[in-house]
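User: Hey, I've got this protein open and I'm not sure where to start. Can you walk me through it?
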Amino acid sequence: MGILVVQFVLIYSFCNAMFIFCSSSSMQLDHPLTTRLEGNETDRLALLAIKAQIQHDPNQVTSSWNESLHFCLWHGVTCSRKRDQRVAKLELMSLTLVGSISPHIGNLSFLRVLNLKNNSFNHQIPPQIGQLRRLQVLLLNNNSLTGTIPSNISNCIQLVTLFLSRNNLVGRIPPKLSSLSKLKSFVLQNNNLTGDIPPSLGNLSSLEAIGLGYNNLEGSIPSVLCRWKKLTIFSLAIYRLSGIILPCIYNLSGIVQFEVLSNQIQGTLPSNLGTTAFPNLEIFSVDENQFTGAIPWSISNATNLVWFQCSSNKLTGQVPNLRNLHNLVEFNVQDNNLGTGKHGDLSFVSELINATSLTWLGFSQNNFGGTLPTSISNLSTNLQMIFLQGNRLEGSIPTGLGNLVNFLGLLMGENNFTGSIPRDIGKVSRLQEIYLGNNKLYGSIPSSLGNLTELTILHLQGNNLNGSIPSSLGECHQLLELDLSHNNLDGKVPQQLLIGLLSLSISLNLSKNHFTGSLPFDIGKLKNLAALDVSYNMLSGQLPSSLGSCESLEVLHIQCNFLEGLVPSSMKELRGIRDLDLSLNNFSGEIPQFFETLGNLGNLNLSFNQFWGAVPTDGIFRNASATSFSSWKHKTLRRHC
């Protein structure tokens, strides 16, 4: 896998889909206009106490909170005309505020909406919030709040929406919260909560969205949760939950989004999934569990399905017909044991042509065999990623991939693909990652790859590619990692390649080819490169002194070439070097003493050269197991390359 981090926004994300409860028209709130009003002194003093606890207000949003304006006109404050100008809404979201929430918040006794999300409020949630008997919406998500969840929030009996996600809350979920009979949206995800799911939460009969994921909860899913008949969003992701999904859970017919990824849940998927089990299903995510059996054929009729994620389980069999899934955006079944290893395993790909919003396909690390259908080039032009590595696919890579103009990643390594690399890949200008390593591809590297100016990773290792490296690759100015090792490439290392790829920072691997000539002086321009491997080639001449300018190098392998002369003294500048292999060359002279000063050096191999003189005794040389100095006659040198 590469380093690309692809982020997705859930269609039914809690902070958006359920925010309808935060703007209920039934609150009948209104700002006063410009008249100076008396208002309520308790509310005014409470607001000033809240302001006093805000330590950092970069946008000066509370600068209006002064005697020159009535408090109902202060930024973020909304009063109700029906209650003698009492504060009904306090909304200070996404303002980069830093501080703690004042206990005086509990004195705003007519407050119905408290929205402080997306700031940096810290310390504990004041238990005085439990005094707000009229509170309907509590949004404290995405802050830095600590401590436990106050159990007396259960006194806020009008509460409809409760968001405490993305904080640093600890402890158990208070069972008393089960008394919030009007609660519709309950989101505590991305905290450090522990313990089990309180069975009493089954009493939340009005619940429509539950998000408890990304905590440290454990145990099994309580059967009482089957009482949530109105539930549409069910997210218990990244727990240590075990056991099975109870059959009654699948009877919650309103479920639109179901997430239990990254748990230890076992069992099989129901044979009626997407039809009578979750008939309105749009998002189904059970990645990283222990599900066995087949993917139910019933999903062929789950026409509302948008995301289907079942990666890293123990699923077997074939992938069902996907012809009717026109709304599909992501289909991920990576890391299972799907497929038969025979022709036709990927025939379902052709059925996705009508999925015009498709962006993500994941089939890697399975047992899929046969060829890749040519119809892949006719898939949605919105397709961004396709993961096929680690299967038993064969035949040529279909031409026409250039049609997928929004492609970001082509991951087809570790298969048995043959033929040449399609030249039209160079048309996919947004492509960032190419993994075609460890196949049986042959022919030359297409010069058209130089058109991929956003490319960050190019892996072509472990094939039968021949010819020279096209200098056009030097146009890939965003490239971080280039691996062309274990091929039959020849010629000189192009100077233009090194001049153009100053961005290389992860590795440059040209090992086990047939490159000749000297290592270009411009190698010293790769100041950010962490690993350089040009071993097992036929390079000759001396090491360029510019090598010492590669100040970020941690790994340098140049063994098994025809390099000669002295080791350049400039290499003493490689302060971060950990692994250095100069063996099986023709280097001569005394072993450089500056190797002693390279404090990070953990492995040094100088074997099979023509060094002479005393071996240094300090630094790396104190560790006999970390150094090698074997010496053979030159005529036996190439035998061991």
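**A small sheet to start with**

Analyst: Let's begin with strand E4 (residues 98–100), which is joined to E6 by three bridges, the two strands running parallel. Keep in mind that this is a predicted model.

User: Okay, so which residue in E6 is the bridge partner of Val98?

Analyst: That's Ser120.

User: What order do the strands of that open sheet come in?

Analyst: The order is E1-E4-E6, three strands with mixed pairing. Strand E1 (54–56) and strand E6 (120–122) are at the edges with a single partner strand each, so one side of each has no neighbour in the sheet. From one strand to the next, the twist averages 25 degrees.

User: What holds strands in a sheet together in general?

Analyst: Strands of a sheet pair through backbone hydrogen bonds, and they can do that parallel or antiparallel.

User: Let's zoom out. How many helices and strands are there in the protein?

Analyst: Three helices and 46 strands. The C-alpha trace spans about 100 × 60 × 45 Å along its principal axes.

User: And how much of the protein is buried?

Analyst: Of the 641 residues, 57% are buried. There's also a figure for contacts: taking those between residues at least 6 apart in sequence, 56% join residues at least 24 apart.

User: New topic: aromatic rings. How many pairs turn up?

Analyst: Searching the whole structure gives 16 aromatic pairs. Take Tyr250 and Phe258: their ring centres are 6.3 Å apart and their planes meet at 40 degrees, so this pair is tilted.

User: Why is that called tilted?

Analyst: Because planes under 30 degrees apart count as stacked and those over 60 as edge-to-face, with the rest being tilted. The Tyr250 and Phe258 planes are at 40 degrees, so they go in the tilted group.

User: Are those two buried or exposed?

Analyst: Tyr250 is buried, at 7% relative accessibility. Phe258 is buried too, at 1%.

User: Got another pair for me?

Analyst: Sure, Phe331 and Phe348. Their ring centres are 6.4 Å apart with planes at 55 degrees, so this pair is tilted as well. Phe331 is in strand E22 (residues 330–332), while Phe348 is in the loop between strand E23 (337–338) and strand E24 (360–362), so the pair ties together parts 17 residues apart in sequence. Both Phe331 and Phe348 are buried.

User: Which aromatic cluster do these rings belong to?

Analyst: One cluster takes in Tyr250, Phe258, Phe331 and Phe348, along with Phe234, Phe278, Phe284, Phe308, Phe363 and Phe368.

User: Which charged residue lies over the face of Phe110?

Analyst: Arg134 does, at 3.9 Å from the ring centre. Another example is Lys512, whose charged end sits over the ring of Tyr536, 5.2 Å from its centre.

User: Speaking of charges, how many salt bridges are there?

Analyst: The whole-structure search finds ten. Side chains of opposite charge can pair when their charged atoms come close. One of the ten is between Arg240 and Glu218, whose closest N and O atoms are 3.8 Å apart. That pair links distant parts of the chain, with Arg240 in strand E15 (residues 240–244) and Glu218 in strand E13 (residues 218–219), 22 residues apart.

User: How accessible are Arg240 and Glu218?

Analyst: Arg240 is partly exposed, at 42% relative accessible area. Glu218 is partly exposed at 37%.

User: What about Lys525, which residue does it pair with?

Analyst: Lys525 forms a salt bridge with Asp522, with 3.9 Å between the closest N and O atoms. Lys525 is partly exposed at 39% relative accessible area, whereas Asp522 is buried at 10%.

User: Where does Glu554 come in?

Analyst: Glu554 forms a salt bridge with Arg578, and their closest N and O atoms are 3.1 Å apart. Here both partners are in loops: Glu554 between strand E39 (538–542) and strand E40 (555–557), Arg578 between strand E41 (562–565) and strand E42 (579–581). They are 24 residues apart, so this pair links distant parts of the chain. Glu554 is partly exposed at 32%, and Arg578 is partly exposed at 41%.

User: Last one: which residues are linked in a network of salt bridges?

Analyst: Glu41, Arg44 and Glu67 are linked that way.

Definitions and conventions
Residues numbered from 1 in each chain as written. Predicted model: local features only at pLDDT ≥ 70, side-chain atom pairs only at ≥ 80, totals over all residues. Heavy atoms only, no water. Phe/Tyr/Trp six-rings, centres within 6.5 Å; stacked < 30°, edge-to-face > 60°. Buried < 20%, exposed > 50% of the residue type's maximum accessible area, 1.4 Å probe, protein only. Helix = DSSP H or I, 4+ residues; strand = E, 2+ residues; numbered from the N terminus. Lys NZ or Arg CZ within 6 Å of the ring centre and 35° of its normal. Pairing = 2+ DSSP bridges. Axes fitted to C-alpha atoms, helices over the stretch in contact; angles between N-to-C directions. Salt bridge = Lys/Arg side-chain N within 4 Å of Asp/Glu carboxyl O. Contact = heavy atoms within 4.5 Å.
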